[in-house]
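Hi everyone, thanks for coming. I've got one structure to show you today, so let me put it up on the screen and then we'll walk through it together.

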Amino acid sequence: MKKPRRDPFIDVRKTTDAHRAEHQCTAYPYANGPLLGTLAAAARARRSLELGPARGYSALAFAHGALNSTVDTVDRDPEHVRLARETIAAAALDHRITVHEGDFAKVLATLDPGYDLAFFDGGTPISGLHVSLRNLLRTGGTLITANLNHGGTADAVAKALFEGKAWRSALVDEAGETAISVKL
């Protein structure tokens, strides 16, 4: 068997880790960019939405996975917005990925619904933001939620994803950190 193809954006992931170590900030790249790209391809995403891009690693993975898609990504940290824009431009994907700066809830309120894929990786999940993401996803759209094992408000989000009638959800890992959910 051939060795699996490596992560095309591994250098962005490593740079993000180094940035976080140097600045003691909250820029954590998702652990598996190729999975995100594969999910974007499987969802046949034309429009993807991400909360918490850090340096743009996940947004690049989504754009790479769904070749004819656009990605909207939102961060409230001006430095992370600047770095994400630089990284995305260096990858020549700035014509397909838009980095929005601002509070998640305020930016989400300005976006048009109909997303095929949404990804929450912006800290501990919050119920109100997940309601907004649900409203922006089309029926049958895919929601990826990271950080579900952070406790507090994440517990309420997990309950809504797994016990309600609005989603069909599965955990990706045994630690219970990430769920993939389909909007019913």
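**A salt bridge to start with**

Okay, let's begin with a pair of side chains: Arg-138 makes a salt bridge with Asp-116, and their closest N and O atoms are 2.6 Å apart. These two come from distant parts of the chain, with Arg-138 in strand β5 (residues 137–145), Asp-116 in strand β4, and their positions 22 residues apart in the sequence. Before I go on, keep in mind that this is a predicted model.

So, is Asp-116 buried or exposed? Asp-116 has a relative accessibility of 1%, and the cut-off for buried is under 20%, so Asp-116 counts as buried. Its partner Arg-138 is partly exposed, at 29%.

Now, which other side chain meets Asp-116 in a salt bridge? That would be Arg-46, at 3.5 Å from N to O. Again the pair links distant parts of the chain: Arg-46 sits in the loop between α2 (33–42) and β1 (47–51), while Asp-116 is in strand β4 (residues 115–120), 70 residues apart. Arg-46 has a relative accessibility of 53%, and exposed means over 50%, so Arg-46 counts as exposed. Put those together and you get a network of salt bridges linking Arg-46, Asp-116 and Arg-138.

How many salt bridges does the structure hold? The count is 4. Let me show you one more of them, between Glu-86 and Arg-82, with 2.5 Å from N to O. Here both residues belong to helix α4 (residues 78–90), and they are 4 residues apart, which is about one turn of the helix. Glu-86 is partly exposed at 43% relative accessible area, and Arg-82 is partly exposed too, at 37%.

**Zooming out**

Let's step back to the whole chain. You can find 7 helices and 7 strands in it. If you read along the sequence, the order goes α-α-β-α-β-α-β-α-β-α-β-α-β-β. The radius of gyration is 15 Å, close to the 16 Å that the globule rule gives for 184 residues, so the chain is as compact as a globular protein of that length. For a feel of the dimensions, the C-alpha trace spans about 40 × 40 × 35 Å along its principal axes.

Of the 184 residues, 49% are buried. And here's a number about contacts: take those between residues at least 6 apart in sequence, and 63% of them join residues at least 24 apart.

**The empty spaces**

Last topic: the gaps. Rolling a probe the size of a water molecule over the atoms shows where empty space is left.

The largest pocket has about 430 Å³ of space. Which residues lie nearest its centre? Those are Thr-26, Tyr-28, Asp-121, Gly-122 and Gly-123, out of 23 residues that line the pocket. By class, that lining divides into 8 nonpolar, 8 polar and 7 charged residues.

Then there's the cavity side of things, where the count is 1 cavity of 30 Å³ or more. The largest cavity holds about 30 Å³ of space. Its lining includes Tyr-28, Pro-29, Tyr-30, Glu-50 and Asp-121. If you sort the cavity lining by class, you get 6 nonpolar, 2 polar and 2 charged residues. Have a look at Tyr-28 and Asp-121 on the screen, since they appear in the cavity lining and also among the residues nearest the centre of the largest pocket.

That's my tour, thanks for listening!

Key
Residues are numbered from 1 along each chain as its sequence is written. This is a predicted model: local features need pLDDT of at least 70, side-chain atom pairs count only at pLDDT 80 or more; totals for chains, interfaces and linings use all residues. Side-chain values use heavy atoms; hydrogens and water are left out. On a 1 Å grid over the protein atoms alone, a cavity is a set of points where a 1.4 Å probe fits but cannot get out, and a pocket is an open set with protein on both sides within 12 Å along at least five of seven lines; lining residues have an atom within 4 Å of a point. Grid points are joined across faces, edges and corners, and a volume is the space filled by probe spheres set on the points. Ala, Val, Leu, Ile, Met, Phe, Trp, Tyr, Cys and Pro count as nonpolar, Asp, Glu, Lys and Arg as charged, and the others, Gly among them, as polar. Buried means under 20% relative accessible area, exposed over 50%, partly exposed in between (1.4 Å probe, protein chains only). The radius of gyration is taken over C-alpha atoms; the globule rule is 2.2 Å times the number of residues to the power 0.38. Contact means heavy atoms within 4.5 Å.
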